[in-house]
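Me: I should like a close look at one helix packing in this structure. Please describe its geometry and the residues that form it, and then place it beside some other features.

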Amino acid sequence: MIEGLYPLLPFVVGAILCSILSGIPRKIIALATPVVGLLGLLGLPDGASFTISFFGFDLILAQVDRLSFLFALLFHIAALIGVIYALHVKNRLEIGSALLYAGSAIGTVLAGDLVTLFVGWELLALTSAFIVWSRNDDHSLATGSRYFIFQVLSGLSLLIGILIHHQAGGSLTIAELGVLDLSSPGVPWILLAFGIKAGFPLLHTWIIDTYPAASATGTVFLSAFTTKTAVYALARFFPGTEELILIGAAMTIFPIFYAVIENDLRKVLSYSMINQIGFMVVGIGIGTELAINGAISHAFNDVLFKGLLFMSMGAVLHVTGTTRGTDLGGLWKKMPITTVLCLVGAASISAVPLFSGFVSKSMVMAAAVQEGHSWLWFLLLFASAGVLEHAGIKIPYFAFFAHDSKLEAKEPPVNMLLAMTIGAALCIFIGCRPDLLYNLLPYTVDYLPYTTTHVLTQLQLLLFASLSVVVLMKSGIYPPELVRENLDFDVFYRKGGRLLGWIVHNPIARGAGALSHTVLDKAPAKILSLVQKIPAHTPVQWQMILPGLLLLLALLAFLCANLFSG
Amino acid sequence: MSDEAHSSPSRIHWWLVIACVITAAADFIVHRHLEPAVEQVEGIPGFYPVYGFLAIVILVLLSRGLRAAVSRRDGYYDD
């Protein structure tokens with residue numbers, strides 16, 4: 001360990017050096033960055049350190065307790081795995097942004113006051129947007145911009161919330177804050193900010209829009225940090241907030257339906273990510289010690305197994321150029337190692353005994369049932385079967401098995417395989433030795449995952465769900481993979497703007513044109529000609545009555561219109 | 001779906017069926033620990049097998065409905 005080293009510093013230095021250097025030196029710096037950062041983290045004392053005065057604010061750059069330490073540790077591991085996975089990448093912008101991004105996430109979870117938290121929050125947004133943009137094609141530029149707008153809105157909401165909170169006399173020091181109350185001023189804005197980044201329902205679209213659009217390596221970084229920083233923030237400020245139970249439950253359910261019909265396997269994983277965060281949000285909402293431990297340990301495991309799954313799909317993308325289920329299949333013969341590693345990730349996320357998901361997700365479910373939320377328990381059980389379907393079976397099946405796509409493929413570069421192997425090893429290790437993870441959790445763990453009942457019931461659920469998938473596939477009821485775009489909530493802003501443009505251009509502009517043509521050009525001429533047509537020998541009164549009648553009609557129409565609209 | 005997916009059950013499918021039968025049968029031998037809040041449902045022998053199987057059936061059927069509602073041609077957002 002290195003004492004007196006702020007963990008963000010190595011990431012800033014590493015990012016600058018990686019943007020200048022190339023070849024072997026850059027690889028060494030990239031690998032050394034998270035290692036040095038980790039040594040700095042281990043050297044940090046408990047409680048506040050690195051306090052600086054900034055424009056009259058006393059900023060606490062590092063505040064170490066069990067919660068922030070666990071997330072900072074997790075982010076260092078994720079950064080190291082990500083760097084190894086991306087070691088072959090020559091794109092300087094991507095690797096530099098990725099290091100800064102990982103550093104921002106670490107800085108955010110270590111933040112000891114709300115101002116530092118806000119700065120970290122904004123840095124996360126900016127650095128991650130550059131990872132998306134670094135792919136540098138039309139699609140990723142547009143997607144990256146939409147992504148950035150969402151992240152900026154989250155930052156703005158956080159800023160508004162902090163300002164209102166501070167104005168009302170609230171403390172800025174996180175250690176003094178404790179749990180935030182939704183009814184106090186500014187706090188709903190803060191929750192909204194966290195909710196955008198955590199992918200709350202209707203605010204989730206940036207996840208499924210962006211993660212399938214970034215590069216094979218970029219998505220591995222993206223998937224690790226932003227949403228989990230939000231989970232950290234929720235666990236820090238909103239444990240036991242009952243609204244989160246409902247929000248989290250919705251997050252576990254709706255994505256599993258989209259995951260069944262989605263063709264792009266990285267998009268399936270993006271929906272899967274929302275589903276997994278749903279379990280964490282539910283746990284935070286329940287708020288008991290068991291539930292919080294479950295949510296936090298599941299966040300830890302999710303970074304590892306979701307990262308592993310994104311890495312395996314990234315490997316497929318790297319060697320075949322696609323992650324569409326319709327184009328893939330039969331790759332296990334050409335990529336046997338990747339296949340096995342993907343299956344480890346699939347087993348972990350499906351919570352198969354001896355794999356990591358089994359020891360964490362069940363804590364949330366046990367907490368739900370212990371607190372008497374029986375409907376919630378049934379819903380989470382349903383979602384668990386859904387996870388097995390899309391992440392446990394669909395992802396490996398359509399990529400590596402199913403029909404042979406005859407695609408040119410081989411194993412990915414050795415650094416990618418190494419990164420996936422480390423991820424897979426951790427998934428199995430935590431699954432077999434959960435006590436090591438449990439010892440790091442915020443509360444003392446009084447939970448045994450490996451009981452006869454739990455192992456048996458979980459195997460029953462998973463095996464019969466698998467059987468169901470097989471039966472439905474054989475009978476042709478299972479929806480086939482199709483090259484289609486599935487509309488999600490983002491249709492409202494991606495097409496909404498265009499719809500507004502169309503309405504202004506077509507009905508409104510044309511209608512107004514036609515109206516003005518009728519009222520201003522045609523009508524006076526018509527009236528004039530009518531008046532002129534009246535024979536000269538008609539009694540003179542008619543010439544006066546006709547305009548009068550027209551005026552009366554117009555008045556009546558005006559009155560009617562007002563009456564009915566009122 | 002590929003032709004192979006509709007082909008006759010392979011060996012792995014039979015292993016799956018055997019594993020299903022064994023775990024389902026275990027319900028009648030092993031005394032399960034039940035959670036008080038849901039024990040009336042959870043305690044029924046075969047609850048987890050039936051729930052797991054039906055969950056996927058419901059999931060898939062509803063997903064077919066979802067596809068009918070939200071599926072658009074590829075490149076829907078590109079023009």
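Reply: The account below begins with a pair of helices and then turns to a single lysine and to the second chain. The model is a predicted one.

Two packed helices are described by the angle between their axes and the distance between the axes. In chain A, helix α2 (residues 23–43) packs with helix α3 (residues 66–85) at an angle of about 165°, and their axes lie 8 Å apart. Because angles over 145 degrees count as roughly antiparallel, α2(A) and α3(A) are roughly antiparallel to each other. Their crossing is left-handed. From α2(A), the contact is made by Ala30(A), Leu31(A), Pro34(A), Val35(A), Gly37(A), Leu38(A), Leu41(A) and Leu42(A). The residues contributed by α3(A) are Phe69(A), Ala72(A), Leu73(A), His76(A), Ala79(A), Leu80(A), Val83(A) and Ile84(A). Sorted by class, this contact of α2(A) with α3(A) has 14 nonpolar and two polar residues, with no charged residues.

A charged residue elsewhere in chain A also merits attention: Lys306(A), in helix α13 (residues 289–320). Its relative accessibility is 1%, so Lys306(A) counts as buried, the cut-off being under 20%. Beyond its neighbours within four places in sequence, Lys306(A) is in contact with Leu269(A), Ser272(A), Met273(A), Gln276(A) and Ile349(A).

Chain B has four helices and one strand, in the order α-α-α-α-β from the N terminus. Of its 79 residues, 37% are buried. The accessible surface of chain B is about 5,000 Å², and carbon and sulfur atoms account for 66% of that surface.

Conventions:
Residues are numbered from 1 along each chain as its sequence is written. Chains are lettered from A and ligands numbered from 1 in the order in which they are written. This is a predicted model: local features need pLDDT of at least 70, side-chain atom pairs count only at pLDDT 80 or more; totals for chains, interfaces and linings use all residues. Side-chain values use heavy atoms; hydrogens and water are left out. Helices (H or I, at least four residues) and strands (E, at least two) are DSSP runs, numbered from the N terminus. Buried means under 20% relative accessible area, exposed over 50%, partly exposed in between (1.4 Å probe, protein chains only). Accessible areas come from the Shrake-Rupley method with a 1.4 Å probe; for residues, only the protein chains shown count as cover. Axes are lines fitted to C-alpha atoms, for helices over the stretch in contact, and angles run from 0 to 180 degrees between N-to-C directions. Angles under 35 degrees count as roughly parallel, over 145 as roughly antiparallel, 65 to 115 as roughly perpendicular and the rest as oblique. A crossing is left-handed if the near helix is turned anticlockwise from the far one by less than a right angle, and right-handed if clockwise. Contact means heavy atoms within 4.5 Å. Ala, Val, Leu, Ile, Met, Phe, Trp, Tyr, Cys and Pro count as nonpolar, Asp, Glu, Lys and Arg as charged, and the others, Gly among them, as polar.
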